[in-house]
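Welcome, and thanks for opening the viewer. Keep the sequence panel beside the 3D window, and we will go from one selection to the next.

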Amino acid sequence: MRIVVLAVGLVLLSGCVSSEDAGVRAAKMEAQDDASCRQLATGKGADAYTQCRKNLLYYRQQAAVEDQQKAERSRRVSEGLMEMSRSLQSINPPPQEVNVNVTCTFGCR
């Protein structure tokens, strides 16, 4: 039971980890994309640079969609685990076996 709750907690917390502001990340990606496309398009003209930037934008959009789908799957798994945890808590534990020691003091055979 504790393991299930711990696992659910870790899944939920994993989405909260972020060391940079979104604007900082976007600026870094912009600079990286610009540098990469300038290097790839060297000697090939402006059309190659433009196509490179379009391709990178498309790949990032696809990655964002995949990330959203993964997050939705994780959310559904988390909800399922929580429901399973609630179901397990509602189950009555089996009766425990009672060990009765009887000492016979009068006329036992």
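Which residues does Tyr49 touch, not counting residues up to four places away in sequence? Select Tyr49 and show its surroundings: Asp34, Cys37, Arg38 and Ala41 are the residues it touches beyond that sequence window. We will come back to this spot after a look at the whole chain.

**The whole chain**

Zoom out and colour by confidence, since this is a predicted model. The protein chain has an average pLDDT of 80, and 75% of the residues score at least 70. Helix 1 (residues 2-14) has the lowest confidence, with a mean of 54, while helix 3 has the highest, at 91.

Now switch to a cartoon. You should find 3 helices and 0 strands, following the pattern α-α-α along the sequence. If you colour by accessibility instead, 8% of the 109 residues count as buried.

**Helix 2 against helix 3**

Next, select residues 22-41, which are helix 2, together with residues 46-90, which are helix 3. These two helices pack with their axes 9 Å apart, at an angle of about 140°. That angle makes helix 2 oblique to helix 3, as angles over 145 degrees would be needed to count as roughly antiparallel. The crossing of the two is right-handed.

Show side chains where they meet. On the helix 2 side, pick Met29, Glu30, Asp33, Asp34, Cys37, Arg38, Leu40 and Ala41. On the helix 3 side, pick Ala48, Tyr49, Cys52, Arg53, Leu56 and Arg60. Coloured by residue class, this contact divides into 8 nonpolar and 6 charged residues, with no polar ones.

**Stop one: Tyr49**

Return to Tyr49, which sits in helix 3. Is Tyr49 buried or partly exposed? Its relative accessibility is 23%, so Tyr49 counts as partly exposed; the buried class ends under 20%. Draw a distance from Tyr49 to Arg38: the C-alpha atoms are 6.2 Å apart in space, and the two residues are 11 apart in sequence. Arg38 is also one of the residues that Tyr49 touches.

**Stop two: Cys52**

Stay in helix 3 and select Cys52. Cys52 has a relative accessible area of 12%, so it is buried. Beyond four places in sequence, Cys52 touches Cys37 and Leu40. Cys37 is familiar from the first stop, as Tyr49 touches it too. For Leu40, try another distance: its C-alpha lies 7.9 Å from that of Cys52, with the two residues 12 apart along the chain.

**Stop three: Asp33**

Finally, cross over to helix 2 and select Asp33. What is Asp33 in contact with, leaving aside its neighbours within four places in sequence? Look for Arg53, Leu56 and Arg60, which belong to the helix 3 side of the contact. Asp33 has a relative accessibility of 10%, so this residue counts as buried.

Methods:
Residues numbered from 1 in each chain as written. Heavy atoms only, no water. Axes fitted to C-alpha atoms, helices over the stretch in contact; angles between N-to-C directions. Helix = DSSP H or I, 4+ residues; strand = E, 2+ residues; numbered from the N terminus. Parallel < 35°, antiparallel > 145°, perpendicular 65-115°, else oblique. Left-handed = near helix turned anticlockwise from the far one by under 90°. Contact = heavy atoms within 4.5 Å. Nonpolar A, V, L, I, M, F, W, Y, C, P; charged D, E, K, R; others polar. Buried < 20%, exposed > 50% of the residue type's maximum accessible area, 1.4 Å probe, protein only. pLDDT = per-residue confidence, 0-100.
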